[in-house]
Amino acid sequence: MPRPRKRPAGAAGPEKKGQSEKRTKFENSGEASAKVENSSPQKTSVFKNCGRNLSNYWLMKSEPESRLDKGIDVKFSIEDLKAQPMQTACWDGVRNYQARNFLRAMKLEEEAFFYHSNCKEPGIVGLMKIVKEAYPDHTQFEKNSPYYDPSSKEDNPKWSMVDVQFIRMMKRFISLAELKTYHQSHKATGGPLKDMALFTRKRLSVQPLTQGISHW
């Protein structure tokens, strides 16, 4: 599936936006992510009581390694996000309708796990937050963009994007293999990661942390 090609937030014009395919401020808003990154596969019980805190978290995928699409490098890693002005960028290029709808559901200050995908070591590498809610994705109108959609009209754009801002790196890398261990364990026990979209709807580049938690 296509992956987002980013450009600095605010670079798009008036607000308008896939087929490819955050966090509300809590008093203890960092608690859920801390539990995820500090846990071990042998201690999946850390997720049992964190469903409420995790309900406003998202997982967003991007490719950290160079790949040309129509002559344009679609690489965008968490290091690239950190290097942006104000450590902020627009999350463009989503071309899957369900993923787009998730973008449109995001609210200011909600947090998302930054997931490196389509690479040698896929997994969660950091945390970011939503700093601008959904507005039209400029790339759908750019003919030289890998994400150009000639069927989308400026007065009725199909595709949306949000602006995200880097918060921090994870204290340790959380690999796809480790996440799968949690998922399989929770499938057996009925834990909050039993319906994790990362495994049940693998092609989605934007997703709630888990279906069971987010009630989507």
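**Close-up 1. Lys 129 and Glu 109 form a salt bridge.** Partly exposed describes a relative accessible area between the buried limit, under 20%, and the exposed limit, over 50%. Lys 129 has a relative accessibility of 23%, so this residue counts as partly exposed. Glu 109 is also in the partly exposed class, because its relative accessible area is 24%. The model shown here and in the other views is predicted. The side chains of Lys 129 and Glu 109 meet at 3.5 Å, N to O. The pair links distant parts of the chain. Lys 129 sits in strand β6, and Glu 109 in the loop between α4 and β5. The two residues are 20 residues apart.

**Close-up 2. Asp 137 and Arg 95 pair in a salt bridge.** The closest N and O atoms of this pair are 3.1 Å apart. Asp 137 belongs to the loop between β6 and β7 (160-175), and Arg 95 to the loop between β4 and α4 (97-105), so the salt bridge ties together parts that are 42 residues apart in sequence. Asp 137 and Arg 95 are both buried. Across the whole structure, a search finds seven salt bridges.

**Close-up 3. Glu 178 and Arg 172 meet through their side chains.** Their salt bridge spans 2.8 Å, N to O. Glu 178 counts as buried because its relative accessibility is 10%. Arg 172 has a relative accessible area of 28%, so Arg 172 is partly exposed. Side chains of opposite charge can pair when their charged atoms come close.

**Close-up 4. Six strands build an open sheet.** The strand order is β4-β7-β6-β5-β1-β8, and the pairing is mixed. Strands β4 and β8 (206-208) are the edges, each pairing on one side only. From one strand to the next, the twist averages 35°. Strands of a sheet pair through backbone hydrogen bonds, either parallel or antiparallel.

**Close-up 5. β6 and β7 run antiparallel, and α5 packs on the sheet.** Ten bridges join β6 to β7. Tyr 135 stands opposite Met 161 in β7. Helix α5 covers residues 176-189 and touches β5, β6 and β7. The direction of α5 makes about 90° with that of β7.

**Close-up 6. Gln 87 has a positive phi.** Most residues other than glycine have a negative phi. Phi of Gln 87 is near 50°. Gln 87 lies in the loop between α3 (78-83) and β4 (88-90). At 30% relative accessibility, this residue is classed as partly exposed. Leaving aside neighbours within four places in sequence, Gln 87 is in contact with Leu 81 and Lys 82, and with Val 164, Gln 165 and Phe 166. Met 128 is 41 residues from Gln 87 in sequence. In space, the C-alpha atoms of Gln 87 and Met 128 are 9.6 Å apart.

**Close-up 7. Asn 118 also has a positive phi.** Its phi is near 50°, in a residue other than glycine. Asn 118 lies in the loop between β5 (111-116) and β6 (123-136). With a relative accessible area of 48%, Asn 118 is partly exposed, because the exposed class needs over 50%.

Note on methods:
Residues are numbered from 1 along each chain as its sequence is written. This is a predicted model: local features need pLDDT of at least 70, side-chain atom pairs count only at pLDDT 80 or more; totals for chains, interfaces and linings use all residues. Side-chain values use heavy atoms; hydrogens and water are left out. Helices (H or I, at least four residues) and strands (E, at least two) are DSSP runs, numbered from the N terminus. Buried means under 20% relative accessible area, exposed over 50%, partly exposed in between (1.4 Å probe, protein chains only). Contact means heavy atoms within 4.5 Å. A salt bridge is a side-chain nitrogen of Lys or Arg within 4 Å of a carboxyl oxygen of Asp or Glu. Two strands pair if DSSP finds at least two bridges between them. Axes are lines fitted to C-alpha atoms, for helices over the stretch in contact, and angles run from 0 to 180 degrees between N-to-C directions.
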